[in-house]
Amino acid sequence: MTLPLEGIRVCDFSWVIAGPYATQFLGLMGAEVIKVESSMHTDINRRLPPAANAVLGPERSGLWQGLNLNKKSVTLNMREPQARELALELIKTCDIVIENFSFGQMEKFGLGWDDLKQAKPDIIYVTSSGLGRTGPYRSYVTFGPPLTAYTGLASITGQPGGRPERWVGGLWSDHQAATTSLFGLLAALEHRDRTGEGQMVEYSMCEAISGQLIEPLIEYGVTGEVPGPRGNLDPSMCPHNIYRAKGDDAWVAIAVQDDADWRRFREVVGGPEWWADSSLDTAAGRLARRAEIDAAVTEWTLRRTPQEAAAALQAANIAAGNVMTVEEVLADPVLRERGFWLEQDHPEVGRRTLAGIGWDMPAMENLPVQHAPLLGEHNWEVFVEQLGMDPERFGELVAANVIV
Amino acid sequence: MKAVNDERNEQATGALAGTRVVEWSAGRPGGYMGKLLRGLGAEVVLLEHSAADRVHAIDAGPVPQSALQTEVRARFLHGGKRSVRFDAAEPASVALREALLRRADILVLERPVRELEAAGMGPEDVAARHPHLVVVAITLAGLRPGARYLRAADLVVQAMAALPRGTPARVPNLEEHPPLKPGGYQADYTSGLAGANAALLGLQLRRRTGQGQLIDLSQQAVIASFMRMDIAYRTYDGGDGANIAGQTRLSPTGKFSTVWGLVPCRDGYFAFQASEQYQWDGLMRVMGDPDWAKGERFQDPIERFLYWDELEPHFIAWCMEHDKAEIFHAAQAEHVPVFPCYTIEELVQDEQQRARAFFVDLPLREHGAVVKLPNAVVHLETTPWRPSFDAPEPGADTAALARELGVEVKA
């Protein structure tokens, strides 16, 4: 079965989360992704937990491995001029170069956009940093979690009227920024395929996150009021919340999205007599009595497990779902049936389950999964077998700490 | 007319110039996917039944005070698109739809599957009828039995992907801190973005095989894909000691740690990360190398995490005497990832955003207001993003497109 990106070659200088998440998609979709690393300064995530069986080591991190399937690893000491030459030679065989160092690092390597487009005019160069390549703060250092505060997202996340939330789940900023970068990259690839023209694709993590805060921006612009945290409430829907359900730390999410939903919701839930009041037939009327309505909904949900409540409501075409734990997500039959989970067989940590991809298509049946690469695992394959380096020269470069 | 022609000419130079998209969406995910493709040069044609259909598609309610906000949202999502009136009960309307699909490259479907099927737009059927098309069907949990007819909402998507279990993490009291969704409509917009990516992959595949593709996009799976660290904590038996998100939501102290935190200061909050020793050292230099931080057991990230209760009062006392901007710039000068916690108001006024022209003004003349909306989320050097907030009236392009395609429709 042909995969969408077969024949595409990627030189991947990216590290930590955002870049590797994007390039893992490319690898899973059939591209050959060659990760340029260094054993002298490894990707911080190679050393971070969760580690297989709680034993740390560069080949044991579940986070790193979950971001680096279907890639090859070569190791270069970029402080050495010969490493730069080797990298450039590799880039000349590639379609895409991607990096997410702090601003200016690739230029220090002598591999900035001006260097690369001269070496290979049709190359697509994807570059990102926390705050972008231009502007007064372009050199500021960034990691996804603290950046979330700067994007405005933290200020609207929290309990209603409460303080901003310190943590947005799913390492949100990193993953979301990576998904944004893929869009630019794939569009640039489309353009190159049609015209033969390469180009630079640039994005800022901050803009990727702030760019999705549409409703709060509109609310501020229209009303002049600064939106704050609203918990799980919605300014135009009611009921709309996460409700306590039967069971230990059990919760169900319910979103009654319009007035027709409300009529069906009432039929399923029953509810107190005052729910028949015509003032509740419109969202505005329900929003005015939100606290009372939510209290009555909770009386109903508390007598049911999240699954029972969600099933009853979904049967009436109302959006509802169990607020799953991560364990429940792992066991979810729907995700299992669509083949969401990826299984890697790794030489050091064995067989491990990792998160997959949000979309599915016939071409992805029996998707090949290669374990995350060992550090420098593909040095020989890439430099000698693919680039045609003399084996003796390869040995010299290893001895000279260029290939490390 | 000149403005329309100018816009079309600009479209012709975009990265996706020549790509034709038909969008039948019921909310933010499909609308945003279409917006992204249009912004980089694709021609996007909306199928819409009526003005009420559009309002219902992008907002619940009606809630009278939000009507203007709904209008602005429509301009954001549908600016620069074309609109064709579509009624599945009218043969001429169906004929126009089919003509549009015959010449299209991508079809965005984001409506309840029962509605799609009733209109002859079941994803499998339409993909079989138009094998050249890249069909992207966006649903809550995919098209397989058991999930196919589930009703979606941003909150429910997040719930079914476990995102609210990690937001917040490590809460001191489960009852007072229910699982929490991130603000806004993150699952909806991210699903639209993922849909755009999937569509572009579909075009790549078509280039290689000559065939279109039915792409089944599960919003639940898109967001679950972000939960990879939390998932790896379960599948790697990695222990919970240094897990920021926590395997259980309950944490006896519920406090931030020296690894990462959101800390109160004189005029709000700021966020920092000090997972590396050099970052902590830099932060301490900003604080004037205080004696309280010099104890031997505070020299290691894990030790600092364990003994944070002893450090915290000193740490916060210093922060409360300083502003977030001051801490931001001083810490960044020491290469420590520190950021002020911005409100939406502060974000749009931020010097960096202004220097990069990230927000563009949408004046609402009748209301005397200006809304700042995001410009490009990604920059392509030679084929830049083309913003547009000129949304077509529903059905505005019906006659023109029918003429162009040789289909007769009612006036």
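The following exchange goes through a predicted model of two chains, from the contact between them to a sheet that they share.

Biologist: What should I know about numbering and confidence?

Modeller: Residues are numbered from 1 along each chain as its sequence is written, while chains are lettered from A and ligands numbered from 1 in the order in which they are written. This is a predicted model in which local features need pLDDT of at least 70, side-chain atom pairs count only at pLDDT 80 or more, and totals for chains, interfaces and linings use all residues, with side-chain values using heavy atoms and leaving out hydrogens and water.

Biologist: How many residues of chain A count as buried, as a percentage?

Modeller: The C-alpha trace of chain A spans about 85 × 45 × 40 Å along its principal axes, and its secondary structure comes to 17 helices and 12 strands (DSSP runs, H or I of at least four residues for helices and E of at least two for strands, numbered from the N terminus). Taking buried as under 20% relative accessible area, exposed as over 50% and partly exposed as in between (1.4 Å probe, protein chains only), the share among the 404 residues of chain A is 65%.

Biologist: What area is buried between chain B and chain A?

Modeller: With contact meaning heavy atoms within 4.5 Å, 158 residues of chain B and 162 residues of chain A take part. Arg151(B), Arg228(B) and Tyr236(B) supply 7% of the area that chain B buries against chain A, more than any other three residues. Buried area is the accessible area (1.4 Å probe) that two parts lose on being put together, summed over both; carbon and sulfur atoms give 62% of it here, and the total is about 13600 Å².

Biologist: How many salt bridges are there between chain B and chain A?

Modeller: A salt bridge needs a side-chain nitrogen of Lys or Arg within 4 Å of a carboxyl oxygen of Asp or Glu. One such pair is Glu207(A) with Arg356(B), at 2.6 Å from N to O, and the count between the two chains is 12.

Biologist: Is Gln24(A) buried or exposed?

Modeller: Gln24(A) lies in helix α1 (residues 18-28) of chain A, and, leaving aside residues up to four places away in sequence, it touches residues including Leu67(A), Asn68(A) and Arg228(B). A polar atom of the Gln24(A) side chain lies 2.8 Å from the backbone nitrogen of Asn68(A). Because its relative accessibility is 2%, Gln24(A) counts as buried.

Biologist: Which strands stand at the edges of the sheet?

Modeller: Strands pair if DSSP finds at least two bridges between them, and seven of them form an open, mixed sheet in the order β12(A)-β6(B)-β5(B)-β4(B)-β1(B)-β2(B)-β3(B). Each edge strand has a single partner, so one side of each is left without a neighbour in the sheet; these are β12 of chain A and β3 (82-85) of chain B.

Biologist: In which sense do β12 of chain A and β6 of chain B pair?

Modeller: Strand β12 (residues 359-360) of chain A meets strand β6 (residues 213-218) of chain B over two bridges, and Trp359(A) stands opposite Leu217(B). On its other pairing, β6(B) joins β5(B) in the parallel sense over six bridges, whereas the sense between β12(A) and β6(B) is antiparallel.

Biologist: How many residues of β5(B) are buried?

Modeller: Val134(B), Val136(B) and Ile138(B) point one way from β5(B), and Val135(B), Ala137(B) and Thr139(B) point the other way. Ala137(B) is the bridge partner of Leu109(B), and Asp216(B) in β6(B) is a bridge partner of Ala137(B). The strand is largely enclosed by the rest of the structure, because the buried residues number six of the six.

Methods
A polar contact is a pair of N or O atoms within 3.5 Å; within protein, one must be able to donate a hydrogen and the other to accept it, and residues adjacent in sequence count only if both atoms are side-chain atoms.
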